[in-house]
Amino acid sequence: MIAAVIVLYHPDADRLKQSLACITSQVQLIYLVDNTPHDSVDQARVPDGLPDSVCYLALRRNVGLAAAQNIAIRECLQRSCSHILFLDQDSLPAADLISQMLAVECSLLIRGIRVGAVGPLFIDRKTQEASYAIRYGWFRARKILIGAAQTEPVEADWIISSGSLVRSSVFAETGGMRDDLFIDWVDAEWGFRAGRTGFRHYIVPTAVMEHSVGEASRFIGGRAFNLHNNTRNYYIVRNATYLLRPELMGWKWTSAMLFRIPRYIALHTWFSSARWRSLTTMLAAVADGAFGRLGQARSGVAS
């Protein structure tokens with residue numbers, strides 16, 4: 001049995017309905033884990049008439065992406081699901097997404113490869129750009145572009161959570177997500193942790209999914225740069241700073257991110273409509289990450 005896990009936070013009902021329509025026939029069970037606070041003015045809008053395969057879990061508060069995923073992972077393990085598919089609330093997977101990824105996973109396992117996660121080639125809804133695989137080297141993150149005609153799986157150091165398919169037995173060995181990261185870099189930390197135990201991750205070019213990254217995009221030197229709001233910038237910078245510890249992600253990650261974090265802060269400050277607020281938020285994030293102050297952001301820090 002394959003289960004899909006979708007974490008909700010103020011979901012758009014129409015978009016969620018589209019996502020469910022894309023995935024319902026491909027899985028046997030769907031967990032909607034709702035992080036929307038119950039006292040919010042903008043209540044979570046979940047489509048009426050959900051299929052019997054959908055289990056809606058209203059947490060009534062925002063416990064973070066990682067904690068919400070862990071709740072669903074535990075449910076899936078108790079139900080003896082063979083695989084878990086993770087999706088964002090606005091992701092639109094192709095009709096053959098899971099069959100394509102299962103076929104590639106099977107072929108890799110037959111070759112004796114310890115497969116951790118397999119993921120799709122996602123297309124950014126805003127820019128129409130295709131995703132890429134990332135492999136970290138000394139002082140750089142190498143982006144491996146994936147062409148539309150490519151069919152062979154491409155290995156990556158980690159795979160974005162949305163669209164990733166993981167066998168339950170992998171979680172039994174590696175453990176779930178780190179709750180204290182709350183959101184952002186959660187999938188990367190898990191991917192590297194699984195990698196340390198010998199698991200390898202692959203993008204499947206023949207499995208396609210439409211996905212949205214960031215709230216807006218700017219083009220710099222002909223390449224799209226995704227922008228996020230102040231709160232997301234806080235978590236991105238804080239968690240990236242915390243994960244600079246080599247024992248967590250390795251020296252190659254640390255050496256690469258030492259350059260990427262300052263660049264990220266500079267670019268997001270420049271494009272922000274409130275530059276001083278943006279800069280001070282991200283500098284606070286660096287301090288919190290350096291001192292290991294994790295979990296949900298302190299009131300007033302990221303807003």
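## Strands β7 and β8

Two strands count as paired here if DSSP finds at least two bridges between them. With that in mind, let's look at this predicted model, beginning with strand β7 (residues 132-137) and strand β8 (residues 140-145), which run antiparallel and are joined by 6 bridges. One residue to pick out in this pairing is A133, whose bridge partner in β8 is I144.

The hairpin of β7 and β8 has 2 residues between the strands, and F139 takes a positive phi near 65 degrees there.

## V154 in strand β9

Next comes strand β9, which covers residues 154-156 and includes V154. With a relative accessible area of 8%, V154 is buried, because the cut-off for that class is under 20%. Leaving out residues up to four places away in sequence, V154 touches A133, I144, I146, H201, Y202, I203 and P205. A133 and I144, the bridge partners met above, are thus among the residues that V154 touches.

P205 deserves a second look: P205 and V154 are 51 residues apart along the chain, yet their C-alpha atoms are separated by 7.8 Å.

## Nonpolar cores

Which residues touch the most other members of the largest nonpolar core? They are Y136 and W185, in a core of 64 residues. Setting aside neighbours within four places in sequence, Y136 is in contact with W185 itself, and its other contacts are A141, D157, W158, F192, K252, W253, A256 and M257. Apart from this core lies another, of 27 residues, with L8, V54, I98 and A207 among them.

## Salt bridges

Across the whole structure, a search finds 10 salt bridges. In one of them, the side chains of E155 and R135 meet at 4.0 Å, N to O. E155 belongs to strand β9 and R135 to strand β7, so this pair ties together parts that are 20 residues apart in sequence. R135 is partly exposed, at a relative accessible area of 26%.

Helix α5 (residues 186-196) holds both R193 and E189, which sit 4 residues apart, about one turn of the helix. Their side chains meet in a salt bridge of 2.8 Å, N to O, and both residues are buried. Elsewhere, salt bridges that share partners join R135, E155, D157 and R200 into one network. D157 also appears among the contacts of Y136.

A further salt bridge brings together the side chains of D180 and R178, at 2.6 Å, N to O. Here D180 is partly exposed, with a relative accessible area of 28%.

Terms used
Residues are numbered from 1 along each chain as its sequence is written. This is a predicted model: local features need pLDDT of at least 70, side-chain atom pairs count only at pLDDT 80 or more; totals for chains, interfaces and linings use all residues. Side-chain values use heavy atoms; hydrogens and water are left out. Buried means under 20% relative accessible area, exposed over 50%, partly exposed in between (1.4 Å probe, protein chains only). Contact means heavy atoms within 4.5 Å. A nonpolar core is a set of buried Ala, Val, Leu, Ile, Met, Phe, Trp, Tyr and Cys residues joined through side-chain atoms within 4.5 Å.
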